[in-house]
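Me: I'd like to learn how to read a structure like this one, feature by feature. Can you walk me through it?

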Amino acid sequence: MARRAHLKAGFRRALLAELRQIGARPGLMFMLAPFPLLLFALLAAVFQMGLPRELPIAIVDQDRSTLSRQMVRIVDATPEVAVAYEASSLGGGRQLLLSGQVYAVVLIPSRTERDVLAGRRPEVVLFYNNQYMTPGSLVARSVGGALGTVVAGISIEARVARGADVESATLAVAPVPVRQSALFNPSLEYVQFLLAAVMPTVLQIFIAASAALSFSRDRQGVAGLGRSLRLGGTLIKTVAGKLAPYTLAYLLVLWGADALLFGPLGARFGGNLAFHVAYGFVFVLASQMLGVVAALVARDTVSALASVGVIAGPAFGFTGITFPRLSMNGFSTVWADLLPVTHYLQLRTDNILRGAAFDISLPAFVSLLALAGIYGGAMFFLLWRHGRSRSVPVPEALR
Amino acid sequence: MITVFFREIVAAILAIWADKGARSTMLGATVFFSVFFPQPYLSEVVRDMPVAIIDQDGSTLSRELIRRIDAADTVAVARYAPDMPSARALFLKREVYGIVVVPPKFERDLLAGRAAPIAAFSDGGYFLLNSVMSSALSNAARSLGTEVEVGRLTASGVDMASAMAIVEPLRVTTVALFNPTGGYASFVLPAVFVLILQQTLLMGIGNLKAGRRPTGAVSTLADAIVYVGLYSLWAGVVLVLLPWVYRLPRIGDVAVMYAVVVPFLAAVTAMGLAIARLIPTKEGVIFFLVVLGMPLFFLSGVSWPAEAMPKLLHAIAFVIPSTTAVPALVRVNQMGADLKSVETTIFIQLGLCFAYSMLALIVDQAKRRPAA
């Protein structure tokens with residue numbers, strides 16, 4: 001104890017004081033690494049399948065012909081869907097949709113086969129649940145594709161019957177085929193797509209909240225921020241000492257999550273590792289400073305945490321990962337630019353997925369640095385003001 | 001007895017008003033989040049996503065194809081690129097979000113009855129942009145292809161009806177139910193709103209009860225009734241009024257909605273009381289709830305199908321009221337489901353309410369014993 005008291009004010013003293021604080025609170029230790037990693041495991045489990053398979057649909061087959069049975073078979077054979085129910089009427093199919101048991105209903109009306117043979121172009125209808133957009137549209141695409149195969153088969157037969165050879169009949173079915181490929185995420189895996197984006201967004205909340213908690217706790221304490229400022233000596237040393245344990249812990253969590261993502265979960269890393277480390281570091285710092293600013297502005301710890309929740313909680317919608325940024329309104333665009341995670345995710349996509357050259361990533365990297373600068377500047381200004389207003393009475397009270 | 005109970009009710013209401021944290025979460029935050037959350041999604045659909053075209057043919061038919069692609073609401077031909085490297089550069093700079101390549105001899109092959117494939121490159125990192133591009137392109141290609149094929153057949157002496165029957169012997173019509181325009185706000189917000197109710201209610205209870213000595217049974221019951229009552233009003237605002245303001249589709253029966261909402265709120269209240277007993281500090285409760293919001297959204301199965309999650313995980317997630325209540329309320333409000341389609345959820349919520357009440361009581365007893 002005596003030795004510690006003699007330690008000179010500075011980075012080490014601020015750091016040791018903060019470590020003691022963390023050590024005294026098991027809840028805080030849990031939030032530093034185990035809890036975010038637990039959430040990552042949970043999210044990884046949610047998306048573990050990559051793409052959904054065997055999504056249930058219902059069929060209303062009023063025709064019961066060779067053709068209709070062939071359609072059911074081909075639809076069922078697609079990996080994304082499974083014909084789970086045979087409804088006797090459209091009403092029955094609707095009930096299955098409403099209770100959430102199926103995502104789509106295919107109606108094959110009676111006389112379908114007869115009408116096809118007579119050239120009357122009957123209509124098969126696919127109703128799909130577009131309220132559940134992800135599974136709904138996936139099912140619609142797969143079932144539509146499967147039914148398209150059946151239609152193409154009939155069309156080829158019709159042409160062959162009219163004297164065409166099989167090869168030219170096959171070509172004539174799809175005269176303008178579209179060969180679509182997704183650049184940079186060819187398999188369209190959700191692990192790459194969602195998990196890699198959700199994890200940093202959740203982590204941003206943790207990073208900002210823990211920084212807010214650390215400063216708010218001091219500020220609300222008996223001695224106020226003055227004590228921490230004295231331990232550190234200078235503003236920079238105080239802040240560095242207080243935040244360093246969290247910076248390190250969350251960087252390790254970020255890298256740990258990446259290690260799992262690119263290791264066991266099999267995502268591909270196609271970028272520059274050093275750059276990835278660099279913007280990850282700036283991301284953590286910017287988020288921390290945002291949290292500190294919240295703590296210095298809010299009136300108490302609970303409102304500091306609540307304001308972090310307000311800022312960082314809805315962040316995911318603003319990052320443009322699910323709904324693209326190019327379709328957002330002005331407010332959302334500005335707000336998104338103020339969130340560190342927006343730039344971090346763009347840098348991540350550009351670097352890891354697209355393997356873009358450094359000059360293309362430069363604007364986003366500069367934006368992230370600028371955010372760190374702005375939040376850092378605000379933080380130091382607020383701390384300086386606190387220090388100045390308290391530095392006069394506190395030393396006198398202690399002497 | 002009734003006057004005592006009435007006094008407790010008034011006390012519970014005053015307690016919410018007196019506590020700054022509870023006031024801002026239970027009275028302010030719900031409205032704030034309901035206005036703030038929807039902002040990114042308000043334009044509902046992607047319009048005029050810029051794509052680059054590499055037209056290596058430069059023929060009448062290739063221009064017709066490009067015109068049809070441009071005619072789709074969702075995409076716009078923004079740039080013409082001479083070759084793939086320059087198109088790729090535009091793509092990396094995010095000036096375009098897709099690339100379409102029309103090969104040389106496109107027109108000649110198409111008219112000669114050979115396949116004239118076009119190539120398209122879209123962005124695999126962004127699902128919505130990817131599917132927007134895909135549907136705009138396949139529609140343009142299909143309509144042009146059908147037209148050319150029908151033209152070829154009629155030119156060879158087949159009558160129009162037979163030509164159509166050969167090219168498209170069976171029509172497959174795809175009907176989008178419940179969210180006909182495929183609006184993103186219509187898809188996400190109804191689920192998010194339910195989650196906002198749960199999270200702000202939990203935070204409010206955390207503010208009021210965490211770290212405080214538990215009060216008597218009558219007053220706890222009065223508190224619970226006040227919370228459920230207050231949030232039943234909020235449910236009306238958030239689940240009926242706001243969808244109307246934002247013009248989201250809402251076709252459900254309000255009575256059926258409340259048949260789910262009230263048990264749901266009761267379950268959330270009981271859970272809130274239990275959490276407040278388990279986590280001793282307000283800060284801890286708020287932190288816990290703030291970070292949990294997003295994972296809970298994904299667990300509800302609205303954005304990512306529950307069928308694609310591990311069964312065990314989904315079974316564990318049942319203990320959180322929103323997991324089952326979110327999809328049930330979406331089905332009632334947005335899809336018009338009747339009482340029978342959601343009765344399982346109602347029983348689950350009542351079960352959860354009972355279980356969490358018991359948990360709160362047990363924690364209470366356990367904490368009291370060592371003190372006594």
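Reply: Sure, we'll go through the chains, then the nonpolar cores, then a couple of single residues. Keep in mind that this is a predicted model.

Me: Let's start with chain A. How many helices and strands does chain A have?

Reply: Counting elements is a handy way in. Chain A comes to 19 helices and five strands.

Me: And is chain A compact or spread out?

Reply: The trick is to hold the radius of gyration against the globule rule. For the 399 residues of chain A the rule gives 21 Å, but the radius of gyration is 30 Å, well over that, so chain A is more spread out than a compact globule. The box along the principal axes tells you about its proportions: roughly 105 × 45 × 40 Å for the C-alpha atoms of chain A.

Me: What about chain B, then: how many helices and strands are there?

Reply: Chain B has 14 helices and five strands. Run the radius check again: 28 Å for chain B, where the globule rule gives 21 Å for 372 residues, so this chain too is more spread out than a compact globule. Its C-alpha trace spans about 95 × 45 × 40 Å along the principal axes.

Me: What share of each chain is buried?

Reply: Here buried means under 20% relative accessible area. On that cut-off, 54% of the residues of chain A count as buried, and for chain B the figure is 56%.

Me: And what does the exposed surface consist of?

Reply: Look at the total area, then at the part from carbon and sulfur. Chain A exposes about 16600 Å², with 63% of it from carbon and sulfur atoms. For chain B, the numbers are about 15300 Å² and 66%.

Me: How far apart are the mean positions of positive and negative charges in each chain?

Reply: Average the places of each kind of charge, then take the distance between the two averages. In chain A, with 35 positive and 21 negative charges, that distance is 19 Å. In chain B, with 30 positive and 25 negative charges, it comes to 11 Å.

Me: On to the inside. Which residues touch the most other members of the largest nonpolar core?

Reply: For a core, go for the size, then the best-connected members. The largest one has 258 residues, and Met26(B), Phe106(B) and Leu239(B) touch the most other members. Helix α10 of chain A, residues 190-220, gives this core its largest share, 18 residues. Another core lies apart from it, with six residues, including Val150(B) and Ile166(B).

Me: What is Met26(B) in contact with?

Reply: Skip the neighbours within four places in sequence and see what's left. For Met26(B) the contacts then include Ile16(B), Leu201(B), Tyr227(B) and Trp234(B).

Me: Where does Ser99(A) lie, and what does it touch?

Reply: Place the residue, then check its cover and its partners. Ser99(A) lies in the chain A loop between α6 (90-98) and β3 (104-108). Its relative accessible area is 18%, so Ser99(A) is buried. Leaving out residues up to four places away in sequence, Ser99(A) touches Arg331(B) and Ser341(B).

Me: Last one: is Arg227(A) buried, partly exposed or exposed?

Reply: Same steps. Arg227(A) belongs to helix α11 of chain A, residues 225-232. Arg227(A) counts as partly exposed because its relative accessibility is 41%. Arg64(A) is 163 residues from Arg227(A) in sequence and 82 Å from it in space, C-alpha to C-alpha.

Terms used:
Residues are numbered from 1 along each chain as its sequence is written. Chains are lettered from A and ligands numbered from 1 in the order in which they are written. This is a predicted model: local features need pLDDT of at least 70, side-chain atom pairs count only at pLDDT 80 or more; totals for chains, interfaces and linings use all residues. Side-chain values use heavy atoms; hydrogens and water are left out. Helices (H or I, at least four residues) and strands (E, at least two) are DSSP runs, numbered from the N terminus. Buried means under 20% relative accessible area, exposed over 50%, partly exposed in between (1.4 Å probe, protein chains only). The radius of gyration is taken over C-alpha atoms; the globule rule is 2.2 Å times the number of residues to the power 0.38. Accessible areas come from the Shrake-Rupley method with a 1.4 Å probe; for residues, only the protein chains shown count as cover. Lys and Arg count as positive and Asp and Glu as negative; His and the chain ends are not counted. The place of a charge is taken as NZ of Lys, CZ of Arg, CG of Asp or CD of Glu. A nonpolar core is a set of buried Ala, Val, Leu, Ile, Met, Phe, Trp, Tyr and Cys residues joined through side-chain atoms within 4.5 Å. Contact means heavy atoms within 4.5 Å.
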